[in-house]
Amino acid sequence: MSSHQRLLIIDFGSQVTQLIARRLRELNVYCEIHPYQTVTPVFLAGFAPKAVIFSGGPASVFDDGAPHPPGEVFDLGVPILGICYGQQVMMQMLGGKVERGQGTAEFGRAYVSHTDERIDLLTGWFLDDREQVWMSHGDHVSEIAPGFKVYGTSPNAPFAITADLGRNFYAVQFHPEVHHTPNGKTLYENFVRLAGFAGDWTMGAYRDEAIARIRDQVGDAKVICGLSGGVDSSVAAVLIHEAIGDQLTCVFVDHGLLRQNEATEVVAMFRDHYNIPLIHADESDLFLNELDGVTDPETKRKTIGRLFIDVFQKHAAEVGGARFLAQGTLYPDVIESVSFSGGPSVTIKSHHNVGGLPEKMGLELVEPLRELFKDEVRALGHELGLPASFIGRHPFPGPGLAIRCPGEITRDKLAILRRADAVYIDQIRRHGLYDDIWQAFAALLPVRTVGVMGDGRTYDYACALRAVTSVDGMTADYYPFSHAFLSETATRIINEVPGINRVTYDITSKPPGTIEWE
């Protein structure tokens, strides 16, 4: 457990609970999310939070078995903030009343007005007499608990902002963590200031602590790391190498489905620049031969996953005597591995390159990033001196270009796709758009189209371009390129990439589509 001042987020199942944690981490406050069922009096005593936040959630306090925090949380003597359902359950437990939504439900944008009395929680709020917020509630508080006063109201939430200043308990009916509450960050800033947080959660401090923990865990044992070339595994590898030096060996499996020059760049950076022991396992012939004639996307994924484990095991055996396996597991992976109901989730996310390997190889895990969100991993990468151009790279799927080449995969088609993707990304960088986009790539469609180039007729492949904006990849919208950009990019691809004579742009959002094509 972290040695920093800690804030506890008790999760009641809201889809945006992770956003609360992200907002707090941005304020240099260390926090953890725990489902309400796991927060027992014993847990509270051990965790010793400096403040607590109750998340929203889909339940009603009138449901059988409605989720509640333990009553002991109110006796900790620390500030508490209840959000949406968190406000309702707080009021109910402390002596207020909640009513079922009968004409008072609010979903979407709303406006909260202030009362005559101002409080420190709302410093920087109501500069224009009212604040835009995001509501999502059916039930509503109809009577506040003893000791609370009202400091903000909305048309359908007369107790939109309440507080018991004597006990430092605060409650809001809206969601300050979402983008649609524009001034929500200010409310969180005020809350953590009232709670006395020093803002001691920094990547510089985390780097030093993580190195000490790795050394303590590993001792003089050997560690192997499955290096994909992505940001997470790369930051983990550099951090571990800084901690234990040549006790770490990275295994980079080249399955022949990487982007243009990617394998060369990864090997050069880790073996030559960082001088990290690296096994470059070029097994492209094995993977591509096994994928010959395979068109079903799920079969592609399973084939690649199976071969990866076999290849990784073979080359990891070359290290000899390794006791630990390093993974780039992130905090969202940890959160998603436990469902709101307290049991295992339907799909426990495992690292896309080494899933299933710890049990099969009998290795202990080293996961130095498991407390971090993606943006914090990038910040740690900066602390470790990784190139900014590498840290900011767009996500790349484990199966690589196999799922960006719908239908049968051939070496010729992969070569065409690599060239088209390289031109597309070059265009995005030239126009200064790369960092505005969550993910961008080209897909080679399994269809040929008639075209005319010069005086001749062509019959070549069609290419689809994809670019999306997103916060976490769970939802996404297409990036609104200008027509001039798309025209220029299409012209470059057709002129510079033999085998493509038609370019399209995918404007599907997620949902209903997915980011990748397969």
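This passage describes the sheet, helices, nonpolar cores and salt bridges of a predicted model. Local features were accepted at pLDDT of at least 70 and side-chain atom pairs only at pLDDT 80 or more, whereas totals for chains, interfaces and linings use all residues. Residues are numbered from 1 along each chain as its sequence is written, and side-chain values rest on heavy atoms, with hydrogens and water left out.

Secondary structure was assigned from DSSP runs, with helices (H or I) of at least four residues and strands (E) of at least two, numbered from the N terminus. Strands are taken as paired if DSSP finds at least two bridges between them. On this basis, five strands form an open sheet in the order 14-13-12-15-16, with parallel pairing. Strand 14 (278–282) and strand 16 (364–366) occupy the edges; each has a single partner strand, so one side of each lacks a neighbour in the sheet. The twist from one strand to the next averages 30°, where axes are lines fitted to C-alpha atoms (for helices, over the stretch in contact) and angles between N-to-C directions run from 0 to 180 degrees.

Individual pairings within this sheet can be specified further. Strands 13 and 14 run parallel and are joined by five bridges; V251 has I279 in strand 14 as its bridge partner. Towards the other edge, strand 15 (residues 322–326) pairs with strand 16 in the parallel sense over three bridges, and L325 stands opposite L365 of strand 16.

Two helices that lie across the sheet were examined, with contact defined as heavy atoms within 4.5 Å. Helix 7 (residues 262–273) lies across strand 13 (248–254) and strand 14, and runs at about 165° to strand 14. Strand 13, helix 7 and strand 14 together make a right-handed β-α-β unit; a crossover is called right-handed if, with the strands pointing away from the viewer, the path from the first strand over the helix to the second runs clockwise. Helix 9 (residues 297–316) lies across strand 12 (222–226), strand 13, strand 14 and strand 15, at about 140° to strand 13.

Burial was classified by relative accessible area (buried under 20%, exposed over 50%, partly exposed in between; 1.4 Å probe, protein chains only). Helix 3 (residues 85–93) is largely enclosed by the rest of the structure, because seven of its nine residues are buried. The buried residues are Y85, G86, Q87, Q88, V89, M90 and M91. The helix is followed by G95, whose phi is positive, near 110°. Two of these helix residues, Q87 and M91, are touched by T162, which lies in strand 10 (residues 157–164). T162 has 0% relative accessibility and therefore counts as buried. Leaving aside residues up to four places away in sequence, the contacts of T162 also include I144, F148, K149, V150 and Y151, as well as F169, Y170 and A171.

Nonpolar cores were defined as sets of buried Ala, Val, Leu, Ile, Met, Phe, Trp, Tyr and Cys residues joined through side-chain atoms within 4.5 Å. The largest has 93 residues, and those with the most contacts inside it are F270, L369, L380, Y424, I428 and F481. Its largest share, nine residues, comes from helix 6 (residues 231–244). Apart from this core lies another, of 39 residues, among them I20, Y151, L187 and Y188. F481 touches Y424, I428, L433, I437, A467, L486 and Y505, not counting residues up to four places away in sequence.

The structure holds 22 salt bridges, each defined by a side-chain nitrogen of Lys or Arg within 4 Å of a carboxyl oxygen of Asp or Glu. E117 pairs with K149, the closest N and O atoms being 3.9 Å apart. This pair links distant parts of the chain, 32 residues apart: E117 is in the loop between strand 6 (106–114) and strand 7 (130–137), and K149 is in strand 9 (residues 149–154). E117 is partly exposed at 38% relative accessibility, as is K149 at 46%.

A further salt bridge joins the side chains of E242 and R207 (2.5 Å, N to O). Since E242 lies in helix 6 and R207 in helix 5 (residues 203–218), the pair ties together parts that are 35 residues apart in sequence. E242 is partly exposed, with a relative accessible area of 30%.

The side chains of D506 and R466 also form a salt bridge (3.4 Å, N to O). D506 lies in the segment after strand 20 (500–505) and R466 in strand 18 (residues 456–469), so this pair ties together parts 40 residues apart in sequence. D506 counts as buried at 13% relative accessibility, and R466 counts as buried at 1%. Finally, D426, R430, R492 and E496 are joined into one network by salt bridges that share partners.
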